[in-house]
Amino acid sequence: MIEITGLNHVIGDMPILRDIDLTLPRGGITALIGPNGAGKSTLLHLIAGLEPRRHGALRIDGTSAETLSRRDFACKLAILTQDTGVASRLTVADLVAFGRWPHCRGRMRDTDHAAVARALEMFDLTELSRRYVDELSGGQRQRAHVAMAYAQETDWLLLDEPLNNLDPRHAQALMARLYRMSRPGPDQRSIVIVIHEVNYAAAWADHVVALKHGMVQAEGAPASVLTGEALATLYETPIRVAQVDGRPVVLHHRAEPGLAARDAAQLRQVV
Ligand SMILES: Nc1ncnc2c1ncn2[C@@H]1O[C@H](COP(=O)(O)OP(=O)(O)OP(=O)(O)O)[C@@H](O)[C@H]1O
């Protein structure tokens, strides 16, 4: 598990994260949700050591983050940030191979090539492997970056909005793969994922953490965090939640009750 205690983060004189005490369970999918600017990316960056942590403690699977070397850290935890940049004149296979750097330091062995091939296959990229990354569509490029993080073969996978640019088929396929790899087994991964479309959290997450104004507003199982009342408070907008197949379905697109029926009635009158 990842244990965060007393985490505070300030940029200039602006508090970004405040008094975060959080335990992210090992195995399964933890979804980080919350409005724009809540501090979700900052929290992932601090966990991954991309930004210096000045206040608070971080333990990863029982080991204090300070005692891990950069290389050990990179073999334990991979992060996909929102700002991946576009790697020009790099093929998909080359990009994914970057995920092997902490293991091979640029000297790819058979095991590294095999890991790259697995990652390409896992994310439906085998046919695109020789294409240049800057010639891919946004969704294909996003999948290539997720594959790079996956190829790092770490216990922990931190993904900041990996569903960006993905169409429903690929978004669902990605969540299904993450779900499968996070189930118990010898290669079980622990996934922490920032998601804006809360229905993907509702459908796939085991644990949900809701952040607002740099603080944890709620955490727990999807059914306990993804209620209409809690989400309306979190996002400061009307939100209704229905139940389908025993899981919450979040209706945030037009949440006023009866609106669709009234629209339809009005339309009938016009016609
Ligand atoms: N480099 C920076 N300098 C100043 N402020 C920053 C910097 N990076 C982030 N912030 C501020 O920190 C706060 C949290 O940002 P963060 O990106 O962590 O939020 P988020 O929850 O991931 O948002 P989003 O959903 O929009 O991606 C925001 O108010 C943002 O403006």
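A crossover counts as right-handed if, with the strands pointing away from the viewer, the path from the first strand over the helix to the second runs clockwise. Keep that in mind for a minute. The model on the screen is a predicted one.

Here is the unit I mean. Strand β7, helix α7 and strand β8 make a right-handed β-α-β unit. The helix in it, α7, covers residues 168-181. The two strands run parallel, and five bridges join β7, residues 156-160, to β8. One pair to find on screen: W156 has S190 in β8 as its bridge partner.

Stay with β8. What pairs with it in the parallel sense over five bridges, besides β7? Strand β3, residues 28-33, does. Look for T30, which stands opposite V192 in β8.

Now, why is β8 called largely enclosed by the rest of the structure? Because five of the five residues in this strand, 190-194, are buried. Both faces are covered. S190, V192 and V194 are buried on one side, and I191 and I193 are buried on the other.

That takes us to the core. In soluble globular proteins, nonpolar side chains tend to be buried together. Here, the largest nonpolar core has 73 residues. Which of them touch the most other members? V96, A147, L158, I193 and A201. You have just met I193, on one side of β8. As for elements, helix α6, residues 138-151, supplies the largest share of this core, with seven residues.

Take A147 from that list. Leave aside its neighbours within four places in sequence. A147 is then in contact with V96, A119, L120, M122, F123 and L125. V96 is another of the residues that touch the most core members.

Next, V92. This residue sits in helix α3, residues 92-98. Is V92 buried or exposed? The cut-off for buried is 20 or more other C-beta atoms within 10 Å. V92 has 29 C-beta neighbours inside 10 Å, so it counts as buried. Its contacts, not counting residues up to four places away in sequence, are L125, L128, S129, R131, V133 and A144. L125 also appears among the contacts of A147. One distance for V92: R143 is 51 residues away in sequence, and 9.8 Å away in space, C-alpha to C-alpha.

On to the other sheet region. Four strands form an open sheet, ordered β2-β1-β4-β5, with antiparallel pairing. The edges are β2, residues 14-24, and β5, residues 63-64. Each edge strand has a single partner, so one side of each is left without a neighbour in the sheet.

Start at the β2 end. Strand β1, residues 2-11, pairs with β2 over seven bridges, antiparallel. I11 stands opposite M14 in β2. The two strands form a hairpin with two residues between them. In that turn, G12 has a positive phi of about 65°.

At the other end, β4, residues 55-60, pairs with β5 over two bridges, again antiparallel. R59 has S64 in β5 as its bridge partner.

Last stop, the ligand. Which residues are around it? I11, I16, G34, N36, G37, A38, G39, K40, S41 and T42. I11 is the residue we just saw opposite M14. By type, this shell divides into three nonpolar, six polar and one charged. Helix α1, residues 40-48, gives the most to the shell, with three residues.

That's the tour. Questions, please.

Methods. Residues numbered from 1 in each chain as written. Predicted model: local features only at pLDDT ≥ 70, side-chain atom pairs only at ≥ 80, totals over all residues. Pairing = 2+ DSSP bridges. Core = buried A, V, L, I, M, F, W, Y, C linked by C-beta atoms within 7 Å. Buried ≥ 20, exposed ≤ 12 C-beta atoms within 10 Å, placed from the backbone. Contact = placed C-beta atoms within 7 Å. Near = placed C-beta within 6 Å. Nonpolar A, V, L, I, M, F, W, Y, C, P; charged D, E, K, R; others polar.
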